[in-house]
Amino acid sequence: MNSRAYFYLAITALFWGGNSVAGKMAVGHVSPMMLTTLRWLVAVSVILALMTPQIRRDWDKIRRHWLQLLAYGAVGFTMFNAFLYSAVKYTSAINAVILQAGIPMLIFLFNFVFFRTRASIAQIVGFTVTLIGVLTTAAHGDFTSLMRLQFNFGDGLMILACIVYAVYTVTLRWKPAMHWQSFIAAPAFGALLSSIPLLVWEASKDSAIVPDATGWAIVLYAAIFPSLMSQVLYVRGVEMIGANRAGLFINAIPVFGTLLSVLLVGETFHAFHLVALLLVLGGIAIAERGRPKPPR
């Protein structure tokens, strides 16, 4: 079970790393709220085409928990991505990377404050090691550059995005018991519904950008991989090993994002990228080996 969870969460981090790169590439090709709405429109269309039989079988459960399921979509799917896609218009990639690294710590904090879920010393050490790896990526190996960072409106949006996703992750402990297809379908519909007012607001500001060819390619990627596949794998990973342990894999997103930037944007791969990758993976391994043992 642990091996499967690690695989699911690693693939999730890879696709989400791609989502951050796609969000940056989308600037000028499709506006943030247009991208958010269209990705969920495409995702819901795929869901209806492939998952309708299972949705019908679970319809009674969906109807009983409809408000909770729609809230998962509005918070974990729409709000996070709306904040992320808006943030990259104003802030640098290095700032966004550093701030996303705070999501696992927020998960630890919320779990402790609201549920008294304690982290082991090894988990804290593991988190620290992965954070150093993320900062190594963000600083391009030069930690003095971190002292020269300036925070702006986009950074504030990224902080809100981190809080939103940490809350979503922690509340997955209450998700209704149902088939994964049904669980992903209802929040996806909630994400689509909640994104429409944001698109209307964006259009009212004359800032909506209809996607061009590049924009549509980004929409399709975001709809299939970060929207559908990653959400299913992440929910399953949290279900299998818990929010604290699963949340630690979020720190692999900046590393994967860097690697994808090398492949897709043509950035140069440096030695510090390898060091960062080893630190992130090593930190996850430390936290996993020293995780609290379940009571017998």
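Visitor: Of the 296 residues of the protein chain, what percentage counts as buried?

Guide: In this predicted model, 51% of the 296 residues count as buried. The word applies to a residue with under 20% relative accessible area.

Visitor: What secondary structure does the protein chain have?

Guide: The protein chain comes to 13 helices and 0 strands. Read from the N terminus, its elements run α-α-α-α-α-α-α-α-α-α-α-α-α.

Visitor: Why is Val280 called buried?

Guide: The relative accessible area of Val280 is 1%, and the limit for a buried residue is under 20%; Val280 therefore counts as buried. Val280 belongs to helix H13 (residues 271-289). Its C-alpha atom is separated by 9.9 Å from that of Thr136, although the two residues are 144 apart along the chain.

Visitor: Why is Phe114 called exposed?

Guide: Phe114 has 61% relative accessibility, and exposed means over 50%, so Phe114 qualifies. Phe114 sits in helix H6 (residues 103-115).

Visitor: Which residues form a nonpolar patch on the surface with Phe114?

Guide: Leu109, Phe112 and Val113 form the patch with Phe114, and together the four have about 390 Å² of accessible area. A patch residue needs over 30% relative accessible area; Phe114, at 61%, meets that condition.

Visitor: What makes the aromatic pair of Trp40 and Phe77 stacked?

Guide: The structure holds 16 aromatic pairs. In the pair of Trp40 and Phe77, the ring centres are 4.9 Å apart and the planes differ by 5°. Centres within 6.5 Å make a pair, and planes under 30 degrees apart make it stacked, so both conditions are met. The pair links distant parts of the chain: Trp40 is in helix H2 (residues 32-57) and Phe77 in helix H4 (residues 66-87), 37 residues apart. Both Trp40 and Phe77 are buried.

Visitor: Which residues form one aromatic cluster with Trp40 and Phe77?

Guide: The cluster also includes Trp16, Tyr72, Phe80, Tyr165, Tyr168, Phe183 and Tyr234.

Visitor: How do you know that Lys175 lies over the face of Phe183?

Guide: Lys175 is 5.0 Å from the ring centre of Phe183, against a limit of within 6 Å. The criterion also asks for a position within 35 degrees of the ring normal. Lys175 is listed as lying over the face, so the angle condition is satisfied too. Arg173 lies over the face of Phe115, at 3.7 Å from the ring centre.

Visitor: What makes the contact of Arg63 with Asp60 a salt bridge?

Guide: The closest N and O atoms of Arg63 and Asp60 are 3.1 Å apart, and the criterion is within 4 Å, so the contact counts. Both residues lie in helix H3 (residues 59-64), 3 residues apart, about one turn of the helix. Arg63 is exposed, with 53% relative accessibility, while Asp60 is partly exposed at 44%.

Visitor: How many salt bridges does a search of the whole structure find?

Guide: The search finds 3 salt bridges. One of them joins the side chains of Glu239 and Lys175, at 2.9 Å from N to O. Glu239 is in helix H10 (residues 213-241) and Lys175 in the loop between helix H8 (153-171) and H9, so the pair ties together parts that are 64 residues apart in sequence. Another joins Arg236 and Glu239, at 2.3 Å from N to O. Arg236 and Glu239 both lie in helix H10, 3 residues apart, about one turn of the helix. Lys175, Arg236 and Glu239 are thus linked in a network of salt bridges.

Visitor: Are the members of that network buried, partly exposed or exposed, and why?

Guide: Lys175 is at 17% relative accessibility, under the 20% limit, and so counts as buried. Glu239 at 44% and Arg236 at 33% are partly exposed, because that class lies between 20% and 50%.

Visitor: What span does helix H9 reach, and what is expected?

Guide: Helix H9 (residues 180-204) has 25 residues and reaches 37 Å from its first C-alpha to its last. The expected span is 36 Å at 1.5 Å a residue, and the span in the model is close to that. Just after H9, Asp206 takes a positive phi of about 55°.

Terms used:
Residues numbered from 1 in each chain as written. Predicted model: local features only at pLDDT ≥ 70, side-chain atom pairs only at ≥ 80, totals over all residues. Heavy atoms only, no water. Patch = residues over 30% accessible without salt bridge, like charges linked within 9 Å, V, L, I, M, F, W, Y side chains within 5 Å. Areas by Shrake-Rupley, 256 points an atom, 1.4 Å probe, with all protein chains shown as cover. Helix = DSSP H or I, 4+ residues; strand = E, 2+ residues; numbered from the N terminus. Buried < 20%, exposed > 50% of the residue type's maximum accessible area, 1.4 Å probe, protein only. Expected span 1.5 Å × (residues − 1). Phe/Tyr/Trp six-rings, centres within 6.5 Å; stacked < 30°, edge-to-face > 60°.
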